[in-house]
Amino acid sequence: MKNVVIAGTQWGDEGKGKVVDILAPHFDIVARYQGGHNAGHTVRIGDRKFILRLIPSGILHNECCCVIGNGVVVEPRAFNTELQELREMGIECEGRLFVSSRAHLILPYHLALDRAREERLGTNSVGTTMRGIGPAYEDKAARIGIRAGDLLYPDLLREKIRTNIEAKNRELVSMHCEPLDCDSTLDDFLSEAMRLKPFIRDTATMINRATGDGKSVLIEGAQGTMLDVDHGTYPFVTSSNATAGGAAIGLGLAPKKITGALGITKAYTTRVGGGPFPTELLDEQGAYLQKRGNEYGAVTGRPRRTGWFDAVVVRYAVMLNGFDALALTKLDVLDEFDEIRISTAYHCRGELLTDIPYGANVLAECEPVYETLPGWKTATNGTTNFADLPAAAKAYVRRVEELCGAPAALISTGPDRSETIIREDSPVSGWMK
Ligand code: GDP
Ligand code: IMO
Ligand code: MG
């Protein structure tokens, strides 16, 4: 049995898309278990660039079957647009892409509410992607959500949506926002949503039958551990469980069937949106990382905040996700630094902390305790052998492994598929057999 979860160890955008694309040919199914089109997973293949938001990154491999699990929230227009974009790039999804009947749908009122809530929070806003993700998950928990499977029962569905629009309009008006027009909202939504029907399946049964027949599943996480609604920097988080545990629930695959986990880790740190970020660099070094790392959101185009590697964060992620290994990405972005810093602990309110404290307000007060390592001042981009890395780069990787408690089984040295080191005799080389 081989069912492996790929999850982010930081605040998202660690390079999950690239790593999924590399591993996908060695798996039968690639499945997303949480999040929605707030994700932006970039895959570079030669001079072609694909940004996958909702559809698993495995779709770029023609023989791969892809699943959008019950834990994902699906915005029909975003789904149709992505399908069309892929078609224009020569990728056909029909017959090998399936959406769980239990996946919740994002409706126009979720977008309106996301916007209204963020505006109301003002300077305390989460800085969401404004895709309606949070409000859609709220309705799921409140048991008033609309699920993909509801599209198969249109009469009942219309009634449910009408009731919801009326209730949401009351909420919008109370926040001094324009209410939605019931009839046109319903008609527009249904014309997009009905196009999902051919993709809808009982994907949990599908995946379990497949694994029973000896097929393997690569489970693609979105966002990252520090954006997990339970374990992240609450309330500056997304509204789903991005950590590996979410995979079991978000696909209906029993925990004991998940055989491995890989933590995608950027060689420094970035964050989009609000919330605490202890190692953030607000100086020219931060600006340099942003420029050299091309740190602009794939979904919203927003510049990403940047900072040094935070071993406290990644160690916490290794613990929570039980990562067998890390995939250390964007090592090449550090090529030109004279010195590189790693945060190993925090000073906070007179104490030395080696674990993430409770509370975003407390984390915001934490001052990183840095260890300084020499830079390598040598181009590493495109390196495919660990042995070929400069000695200082090897030392950096080894220190990250030591501090985080997991081996860097994959090291990424550029955006392209080919710019990758796979360590021999590692969990990753094992999964690629
Ligand atoms: P994801 O959301 O975790 O899939 O990550 P994103 O795709 O949002 O952001 C990662 C960005 O870094 C993308 O633009 C990738 O093409 C790029 N990237 C991935 N790995 C590397 C690497 O090793 N070096 C460089 N320079 N860029 C990389
Ligand atoms: P990938 O999968 C980075 C952030 C938003 C915001 C917070 C909540 O590409 O790594 P939401 O719209 O989810 O309610 O926003 O989460 N966020 C991400 N940051 N990468 C992502 O996805 C993200 N998805 C959401 O910026 O701070
Ligand atoms: Mg991203």
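Buried residues, meaning those under 20% relative accessible area (exposed is over 50%, partly exposed in between; 1.4 Å probe, protein chains only), make up 59% of the 433 residues in the chain. This is a predicted model, in which local features need pLDDT of at least 70 and side-chain atom pairs count only at pLDDT 80 or more, while totals for chains, interfaces and linings use all residues. Residues are numbered from 1 along each chain as its sequence is written, chains are lettered from A and ligands numbered from 1 in the order in which they are written, and side-chain values use heavy atoms, with hydrogens and water left out.

**Overall fold**

- The chain has 13 helices and 20 strands; these are DSSP runs numbered from the N terminus, with helices being H or I of at least four residues and strands E of at least two.
- The radius of gyration, taken over C-alpha atoms, is 21 Å, which agrees with the value near 22 Å for a compact globule of 433 residues; the globule rule is 2.2 Å times the number of residues to the power 0.38.
- Along the principal axes, the C-alpha atoms fill a box of roughly 65 × 50 × 40 Å.
- Of the contacts (heavy atoms within 4.5 Å) with a separation of 6 or more, 75% join residues 24 or more positions apart.

**Helix α3**

- Helix α3 (residues 108-121) has 14 residues and should span 20 Å at 1.5 Å a residue, which agrees with the 20 Å between its end C-alpha atoms; the expected span is 1.5 Å times one less than the number of residues.
- The buried residues of α3, among them Tyr 109, Leu 113 and Glu 118, pack against β8 (104-105), α4 (133-141) and α5 (154-174).
- Gly 122, just after α3, takes a positive phi of about 55°.

**Magnesium site**

- The magnesium ion (ligand 3) has Asp 13 (OD) and Gly 40 (O) as its protein donors, at 2.0 to 2.2 Å; donors are N, O and S atoms within 2.8 Å of the metal (3.2 Å for Na, K and Ca), and water is not among the atoms, so sites may look incomplete.
- Asp 13 lies in the loop between β1 (3-8) and α1 (16-23) and Gly 40 in the loop between β2 (29-32) and β3 (41-45), so the pair ties together parts 27 residues apart in sequence.
- Asp 13 is partly exposed at 22% relative accessibility, whereas Gly 40 is buried at 11%.

**Asp 416**

- Asp 416 lies in the loop between β19 (408-412) and β20 (420-422).
- Not counting residues up to four places away in sequence, Asp 416 touches Lys 18, Arg 44, Ile 45 and Gly 46.
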